[in-house]
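Student: I have a new model open on my screen and would like to learn how to read it. Could you take me through it step by step?

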Amino acid sequence: NDGNGALAKLLKSEMDNAKVAEELFLNFLGRKPSAKQLKLVIDIPADQREEFFRDMAWALVNSKEFVFNH
């Protein structure tokens, strides 16, 4: 990983956690996250942000919604 991928660029941006989550959902699932899903990302500590969103990206790509719709 050279740090130039889409996720790395999102994490380097000035976007807040909710906006990063929204972008990931749009990219992987073609929809915005629900209010309940957004609530889970609001208070992610800065020192856990990169790992959290990397895990989220893997979870989305491995979700039934992704597998059956894409």
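Student: Let me begin with contacts. What percentage of the contacts in the protein with a separation of 6 or more comes from residues 24 or more positions apart?

Tutor: Happy to help, and please keep in mind that this is a predicted model. Residues 24 or more positions apart supply 56% of the contacts with a separation of 6 or more.

Student: Which secondary structure elements does the protein have, and in what order do they run?

Tutor: A good habit is to count the elements and then follow them along the chain. Here there are five helices and zero strands. Starting at the N terminus, the order is α-α-α-α-α.

Student: How does the radius of gyration of the protein relate to the globule rule?

Tutor: The idea is to set the value beside what the rule gives for the chain length. For 70 residues the rule gives 11 Å, and the protein has 12 Å, which is close, so the protein is as compact as a globular protein of that length. You can also look along the principal axes, where the C-alpha trace spans about 35 × 30 × 15 Å.

Student: What should I look for in the interior?

Tutor: In soluble globular proteins, nonpolar side chains tend to be buried together. In this model, 31% of the 70 residues count as buried. The largest nonpolar core has 14 residues, and those touching the most other members are L7, V20, L24, V41, F53, M56 and L60. Two or more core residues come from each of α1 (6-12), α2 (17-29) and α4 (49-61). Helix α2 gives the largest share, five residues.

Student: Which residues does L24 contact, leaving aside neighbours within four places in sequence?

Tutor: Select L24 and you will find L7, L10, L29, F53, M56 and L60 in contact with it.

Student: Is N27 buried or exposed?

Tutor: The cut-off for exposed is over 50% relative accessible area. N27 has 54% relative accessibility, so N27 counts as exposed. This residue is in helix α2. Its C-alpha atom is 10 Å from that of L7, with their positions 20 residues apart along the chain.

Student: Why does Q37 count as partly exposed?

Tutor: Partly exposed is the class between the cut-offs of 20% and 50%. Q37 counts as partly exposed because its relative accessibility is 27%. You will find Q37 in helix α3 (residues 35-39). Beyond its neighbours within four places in sequence, Q37 is in contact with F25 and R31. From Q37 to A21 the C-alpha distance is 8.7 Å, at 16 residues apart in sequence.

Student: Where does G5 lie?

Tutor: G5 is in the segment before α1. With a relative accessible area of 31%, G5 is partly exposed. G5 and M56 are 51 residues apart in sequence, and their C-alpha atoms are 15 Å apart.

Student: What can I say about the surface and the charges?

Tutor: For the surface, ask how much area is exposed and which atoms supply it. The protein exposes about 5,000 Å², with 54% supplied by carbon and sulfur atoms. For the charges, compare mean positions: those of the 10 positive and 11 negative charges are 6 Å apart.

Terms used. Residues numbered from 1 in each chain as written. Predicted model: local features only at pLDDT ≥ 70, side-chain atom pairs only at ≥ 80, totals over all residues. Heavy atoms only, no water. Core = buried A, V, L, I, M, F, W, Y, C linked by side-chain atoms within 4.5 Å. Buried < 20%, exposed > 50% of the residue type's maximum accessible area, 1.4 Å probe, protein only. Helix = DSSP H or I, 4+ residues; strand = E, 2+ residues; numbered from the N terminus. Contact = heavy atoms within 4.5 Å. Rg over C-alpha atoms; globule rule 2.2 N^0.38 Å. Areas by Shrake-Rupley, 256 points an atom, 1.4 Å probe, with all protein chains shown as cover. Lys, Arg positive; Asp, Glu negative; His and termini not counted. Charge placed at Lys NZ, Arg CZ, Asp CG, Glu CD.
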